[in-house]
2 protein chains.
Amino acid sequence: MPAPLPIHDPDDPRIAPYRAVRERDVVGRGERFVGEGEVVLRLLLAPDCRHEVESVLVSERRIEGLGDLLAPLPPETPLYVADQAVMDAVVGFHIHRGVLAIGRRAPALGAAELLASLPERALVVALVGVSNHDNVGAIFRNAAAFGADAVLLDASSCDPLYRKAIRVSVGASLITPFARGGTGSEMLDALEAAGFETLALSPAGAVRLGDVERAPRAALMLGAEGPGLPESLMARAKTVRIDMAAGFDSLNVATTGAVALYALTRG
Amino acid sequence: MPAPLPIHDPDDPRIAPYRAVRERDVVGRGERFVGEGEVVLRLLLAPDCRHEVESVLVSERRIEGLGDLLAPLPPETPLYVADQAVMDAVVGFHIHRGVLAIGRRAPALGAAELLASLPERALVVALVGVSNHDNVGAIFRNAAAFGADAVLLDASSCDPLYRKAIRVSVGASLITPFARGGTGSEMLDALEAAGFETLALSPAGAVRLGDVERAPRAALMLGAEGPGLPESLMARAKTVRIDMAAGFDSLNVATTGAVALYALTRG
């Protein structure tokens with residue numbers, strides 16, 4: 001663990017990346033991202049996390065209890081410590097968890113490159129137009145819980161390293177490999193070229209989820225709540241439905257994904 | 001549809017129940033509750049909703065498009081109309097949906113009474129210590145989607161008619177019958193007396209979810225994220241687990257419930 005660097009002045013230039021967190025969320029951070037809380041920092045420092053920790057900012061009251069967590073932090077990585085009031089003034093709101101990190105993204109992967117790196121038997125989640133941060137975060141959490149190998153996102157889906165998406169994913173978006181970019185159609189091209197069968201979840205799906213015989217390489221495709229997946233993509237995939245009660249066929253998209261991942265992964 | 005009553009003054013005493021919505025959320029509203037948005041109002045006016053609409057407040061720009069929705073409103077129910085600025089001033093924040101209703105709760109049901117009213121084959125969701133509004137709302141949404149017959153909540157679980165819980169449930173908490181009160185142990189007493197087998201979801205459950213043979217009357221018991229269900233309750237139930245990937249056994253409680261409801265209801 002590096003020697004802690006005390007910060008007394010909220011305007012200290014060393015902690016500029018932590019300033020005005022919510023305003024920067026809107027603007028974006030380029031190759032940087034913000035991780036919040038102990039659980040997220042633990043995953044960010046795990047050996048299978050491809051991203052790097054640029055620096056850590058911890059409140060004084062938390063530093064003592066975090067020894068184990070901070071032990072793997074490289075000695076050259078700045079570990080800033082501030083009292084809660086200074087930390088809150090920098091960030092712009094009360095940061096009750098008292099633990100923040102600035103991460104630096106690993107080089108982005110393309111869909112084809114990511115799919116090529118997966119084993120012969122693999123399960124991928126493919127998102128088209130899922131722009132809500134909570135939903136993308138929850139989908140990564142569920143993907144990790146059921147051991148999905150990777151997540152693909154089209155360009156209109158939300159960045160999994162957006163602050164809130166990381167938090168809702170409980171850090172899963174830091175460790176589950178993903179590729180983001182292009183159109184849903186290009187994503188399907190890449191899946192087909194890599195030998196994946198694509199299962200498109202839709203209330204009007206042709207096959208009941210419980211009747212799906214999963215191919216060794218399978219992709220679960222989900223669209224945004226409301227519009228769902230475009231017809232043009234559904235026409236190229238096996239469409240799958242989850243039977244629901246009449247009159248209330250409404251599951252959240254992340255919940256739909258969890259139910260499908262359960263059905264496709266149980267022994 | 002009643003004749004709309006125009007409101008020009010945010011201090012008009014007729015719309016007092018709509019004032020300072022967030023502050024009242026904290027204090028509570030006794031036998032009243034607030035419903036937001038078109039989908040929620042539609043369910044509130046549905047024949048199977050046990051609760052009553054006391055009044056409706058709609059923004060001027062929305063009123064024309066809502067004719068179908070407002071048609072079943074009894075002629076004696078006040079339908080207030082205000083321009084968006086007045087509505088925002090009353091409520092205390094920008095109410096972009098432009099549709100609010102004050103509801104009046106149906107008489108509360110006891111657990112025993114509710115269970116006695118259910119059919120011979122019935123599925124109930126039982127919550128102990130689930131105090132988060134989002135989670136309770138999402139659990140009602142999932143319960144309705146999979147056709148669960150009722151929800152039981154102990155006294156420490158959140159009120160399903162709390163504003164945010166109704167919204168997250170997409171109105172399901174208005175139509176799925178529930179009983180709230182007492183301890184988890186008293187809830188189990190009532191379930192046992194009514195011939196229900198209780199399945200307690202836990203990561204350390206003895207039986208895999210996929211191996212459960214469901215009894216005709218079954219209750220799915222869920223605890224709060226983090227602490228989970230108390231040992232004393234698990235000892236009285238059949239404990240059930242959802243197998244997850246090593247190293248990331250973390251599903252949200254509402255998601256856990258959805259996966260279990262799927263497994264217990266698929267034909």
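**Notes on the predicted two-chain model**

1. Let's begin inside chain A: 16 residues of domain 1 of chain A touch 10 residues of domain 2 of chain A. Please keep in mind as you read that this is a predicted model.

2. Where do those domains run? The domain assignment of chain A places domain 1 at 5–104 and domain 2 at 111–265. Between the C-alpha centres of domain 1 of chain A and domain 2 of chain A there is a distance of 31 Å.

3. Now for the area at this domain contact. About 1300 Å² is buried between domain 1 of chain A and domain 2 of chain A, and carbon and sulfur atoms account for 64% of it. If you want names to look up on the domain 1 side, try D25(A), E36(A) and L43(A): these supply 36% of the area that domain 1 of chain A buries against domain 2 of chain A, more than any other three residues.

4. Next, the contact between the chains. Chain B contributes 30 residues to it, and chain A contributes 30 residues. The area buried between chain B and chain A comes to about 2200 Å², with 61% of that from carbon and sulfur atoms. Which residues of chain B lose the most area to chain A? They are R141(B), F248(B) and Y262(B), which together make up 30% of what the chain B side buries.

5. A helix pair in chain A is worth a look on your screen. Helix α7 (residues 133–145) of chain A and helix α12 (residues 253–265) of chain A have axes that come within 8 Å and cross at roughly 15°. Because of that angle, α7(A) counts as roughly parallel to α12(A). The crossing of α7(A) and α12(A) is right-handed.

6. Who meets whom in that pair? From α7(A) come N135(A), A138(A), I139(A), N142(A) and A143(A), and they meet V253(A), A254(A), A258(A) and L261(A) of α12(A). Sorted by character, the residues of the contact of α7(A) with α12(A) are seven nonpolar, two polar and no charged.

7. Turn to chain B for its own helix pair. The axes of helix α7 (residues 133–145) of chain B and helix α12 (residues 253–265) of chain B cross at roughly 15° and come within 8 Å, so α7(B) is roughly parallel to α12(B). Here α7(B) passes α12(B) in a right-handed crossing.

8. The chain B contact is formed by N135(B), A138(B), I139(B), N142(B) and A143(B) on α7(B), together with V253(B), A254(B), A258(B) and L261(B) on α12(B). Seven nonpolar, two polar and no charged residues make up the contact of α7(B) with α12(B).

Notes
Residues numbered from 1 in each chain as written. Chains lettered and ligands numbered in written order. Predicted model: local features only at pLDDT ≥ 70, side-chain atom pairs only at ≥ 80, totals over all residues. Heavy atoms only, no water. Axes fitted to C-alpha atoms, helices over the stretch in contact; angles between N-to-C directions. Helix = DSSP H or I, 4+ residues; strand = E, 2+ residues; numbered from the N terminus. Parallel < 35°, antiparallel > 145°, perpendicular 65-115°, else oblique. Left-handed = near helix turned anticlockwise from the far one by under 90°. Contact = heavy atoms within 4.5 Å. Nonpolar A, V, L, I, M, F, W, Y, C, P; charged D, E, K, R; others polar. Domains from an automatic or database assignment. Buried area = accessible area lost by both parts, 1.4 Å probe.
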